[in-house]
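User: Could you take a close look at one part of this model for me? I'd like to hear about the ligand site, and then a bit about the strands.

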Amino acid sequence: MQVEISGQKLELHQGDITLQEVDAIVNAANSRLAGGGGVDGAIHRRGGQSIMAETDAKYPDGCPTGSAVISGAGKLPAKYVIHAVGPVWSGGSRGEAELLAGAYRRCLELAVEHDCRGIALPALSTGAYRYPIDQAARAALSVAIEFLEAHGKPELVRFVLFDAGTYGAFAAALEELTA
Ligand code: ADP
């Protein structure tokens, strides 16, 4: 599924984020940038050790929840990995929505600052961090739409959703937000 926002592409794609041939892919990292399962495990496995070596050296204090940091992408087809730290879901009254939006916003800012034409993002916080998928989809897409409307770039924002259920939730949210 694809829509145009301010002349730029906003896409939904079911697949594996590590395979995306775009300038930047986003990792669902933890605040220590310590490595984990899910998206993070797949990125470090395919990308090789240089990614962790770089984040250890550049960001010894990790990255706060609700923000993101950038590194090279090792052996992956992308140029950059943006390590975003979404919140752990704990009921919704601990600022989760603002933190999730903040993490996505910082990813888009970093991509533009590094002249990335395309960025691929996963459904942050919806795996191990248990954020309810419908709310996460609306939050993610709202930030992307607002960012594209405000900045007119990057040229391509692609959400890469691993399974059909997550894709379906994003598709429903995108229809609702662009109706
Ligand atoms: P978090 O800890 O932020 O919840 P996870 O990596 O556990 O992050 O999961 C985030 C989302 O990414 C989940 O919807 C999960 O199904 C999905 N996912 C897992 N592996 C991949 C992958 N290789 N490409 C894209 N999405 C993935």
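Analyst: Sure. Keep in mind that this is a predicted model. Let's start with the polar contacts of the ligand. One of its nitrogen atoms sits 2.9 Å from a polar backbone atom of I17. Right next door in the numbering, D16 joins in through its side chain, where an N or O atom is 3.0 Å from a nitrogen atom of the ligand. An oxygen atom of the ligand has a partner too: a polar side-chain atom of T126, at 2.8 Å. As for how wrapped up the ligand is, on its own it has 560 Å² of accessible area, and the protein covers 89% of that.

Zooming out to the whole shell, 16 residues surround the ligand. T126 shows up again here, since the closest ones are V39, S125, T126, G127 and A128. If you go by elements, helix α1, residues 38-47, gives the most to this shell, with three residues. The space that the ligand takes up is the largest pocket.

Now for the strands, where β5 makes a handy reference. Strand β5 covers residues 80-84, and four of its five residues are buried, so call it mostly covered (buried here means under 20% relative accessible area). It pairs with β3, residues 24-28, through five bridges, and those two run parallel; in that pairing, I25 stands opposite V81. Strand β4, residues 68-72, is also joined to β5 by five bridges, but this pair runs antiparallel. There, V69 has H83 of β5 as its bridge partner. When you look at the side chains, remember that in a regular strand they alternate between the two faces of the sheet.

Notes:
Residues are numbered from 1 along each chain as its sequence is written. This is a predicted model: local features need pLDDT of at least 70, side-chain atom pairs count only at pLDDT 80 or more; totals for chains, interfaces and linings use all residues. Side-chain values use heavy atoms; hydrogens and water are left out. Buried means under 20% relative accessible area, exposed over 50%, partly exposed in between (1.4 Å probe, protein chains only). Two strands pair if DSSP finds at least two bridges between them. A residue is near a molecule or strand if one of its heavy atoms lies within 4 Å of it. A polar contact is a pair of N or O atoms within 3.5 Å; within protein, one must be able to donate a hydrogen and the other to accept it, and residues adjacent in sequence count only if both atoms are side-chain atoms. Accessible areas come from the Shrake-Rupley method with a 1.4 Å probe; for residues, only the protein chains shown count as cover. On a 1 Å grid over the protein atoms alone, a cavity is a set of points where a 1.4 Å probe fits but cannot get out, and a pocket is an open set with protein on both sides within 12 Å along at least five of seven lines; lining residues have an atom within 4 Å of a point. A molecule sits in a cavity or pocket if more than half of its atoms lie within 2 Å of its grid points.
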